[in-house]
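Here is a colleague's note for someone opening this entry for the first time. Please keep the sequence and the structure in view while reading the numbered points.

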Amino acid sequence: MKESKCPVPREQQPTNEFIELSKSIIFSWPKTKKSLIIVLIKIWLGAFVLFLVISSGSTYFKTSTLKYILLSLFSSLSIPTLLLIRLYLGWNHVFKRLNSEKVEYEESGWYDGQVWIKPLVLKEKESLIASIEVKPILKNLIQIFSIILALALSGILLFQYNNF
């Protein structure tokens, strides 16, 4: 955006928000599905070890090692889930701002919100960025979240209906 025509501060312009989010270490993970899955598995295994250590102090689990390990495995899914939710919220925010016809912005503080209507050329450019760059990221995040949700639900059902 040309700064002379656009009243929106540079850091609040949707295209620049997209670029900054893409450069971020954590938010750049979902750009490829494979790299995100690898990172989430590493985080899950790290959380599993942490949950094993935390659960080891329970006297209830001293009688059933299998329950102890499975509960730690399924409860450690909460950490990747929280990370996925944060990634989704960040990318979804940028997606909505890129697709919006208007840009809401703050000039100097929280009390002076303004609205700027995008010119047609800019709206088309940002809509293209949203559909080509951001939409596949959101789709990948939803797919991975669905897999984690299925794993968590299977863990809940396993503990609900089996006495081992």
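**Notes on the chain**

1. Ser-76 is buried, with a relative accessible area of 0%, and a reader may wish to begin there. This residue sits in the loop between α3 and α4, and, once residues up to four places away in sequence are set aside, Ser-76 touches Trp-44, Ala-47, Phe-48 and Phe-51. A further partner for comparison is Leu-45, which is 31 residues from Ser-76 in sequence, while the two C-alpha atoms are 7.9 Å apart in space. Please bear in mind throughout that this is a predicted model.

2. How many helices and strands does the protein chain have? The protein chain contains five helices and two strands, and, read along the sequence, these elements follow the pattern α-α-α-α-β-β-α.

3. The overall dimensions deserve a careful look. The C-alpha trace of the protein chain spans about 70 × 30 × 25 Å along its principal axes, and the radius of gyration is 22 Å, where a compact globule of 164 residues would have a value near 15 Å. Of the 164 residues in the protein chain, 38% count as buried. The protein chain exposes about 10,400 Å², and carbon and sulfur atoms supply 65% of that area. Among the contacts in the protein chain with a separation of 6 or more, 68% are accounted for by residues 24 or more positions apart.

4. Helix α3, which covers residues 65-75, has Lys-67, Tyr-68, Leu-70, Ser-72 and Phe-74 as buried residues. Against which elements do the buried residues of α3 pack? They pack against α2 (33-55) and α5 (120-161).

5. On charge, the protein chain carries 19 positive and 12 negative side chains, and the centres of these two sets lie 14 Å apart. Side chains of opposite charge can pair when their charged atoms come close. The count of salt bridges comes to two.

6. One salt bridge joins the side chains of Arg-97 and Glu-17, at 2.7 Å from N to O. This pair links distant parts of the chain, with Arg-97 in helix α4 (residues 78-99) and Glu-17 in helix α1 (residues 14-23), 80 residues apart. Are Arg-97 and Glu-17 buried or exposed? Both residues are buried.

7. The other salt bridge is formed by Glu-126 with Lys-118, and the closest N and O atoms of this pair are 2.5 Å apart. Glu-126 is buried, and Lys-118 is buried as well.

8. Gln-12 is worth reading together with the pair in point 6. Gln-12 lies in the segment before α1, and, leaving aside neighbours within four places in sequence, Gln-12 is in contact with both Glu-17 and Arg-97, as well as with Val-103, Glu-104, Tyr-105 and Glu-106. Gln-12 counts as buried because its relative accessibility is 17%, which falls under the 20% cut-off for that class.

9. Ser-22 is found in helix α1, and it counts as buried because its relative accessibility is 13%. With residues up to four places away in sequence not counted, Ser-22 touches Ser-28, Lys-31 and Trp-91. Tyr-105, named above among the contacts of Gln-12, is 83 residues from Ser-22 along the chain, and the C-alpha atoms of Ser-22 and Tyr-105 are separated by 20 Å.

10. Two residues of helix α5 can be taken together, namely Phe-145 and Ser-131. Why does Phe-145 count as partly exposed? Phe-145 falls in that class because its relative accessibility is 30%, and partly exposed residues lie between the 20% and 50% limits. Leaving aside neighbours within four places in sequence, Phe-145 is in contact with Thr-81, Leu-84 and Ile-85, while its C-alpha atom is separated by 10 Å from that of Leu-77, 68 residues apart along the chain. Ser-131 is partly exposed, with a relative accessible area of 38%. The C-alpha atoms of Ser-131 and Leu-98 are separated by 9.3 Å, and these two residues are 33 residues apart along the chain.

Definitions and conventions. Residues numbered from 1 in each chain as written. Heavy atoms only, no water. Helix = DSSP H or I, 4+ residues; strand = E, 2+ residues; numbered from the N terminus. Rg over C-alpha atoms; globule rule 2.2 N^0.38 Å. Buried < 20%, exposed > 50% of the residue type's maximum accessible area, 1.4 Å probe, protein only. Contact = heavy atoms within 4.5 Å. Areas by Shrake-Rupley, 256 points an atom, 1.4 Å probe, with all protein chains shown as cover. Lys, Arg positive; Asp, Glu negative; His and termini not counted. Charge placed at Lys NZ, Arg CZ, Asp CG, Glu CD. Salt bridge = Lys/Arg side-chain N within 4 Å of Asp/Glu carboxyl O.
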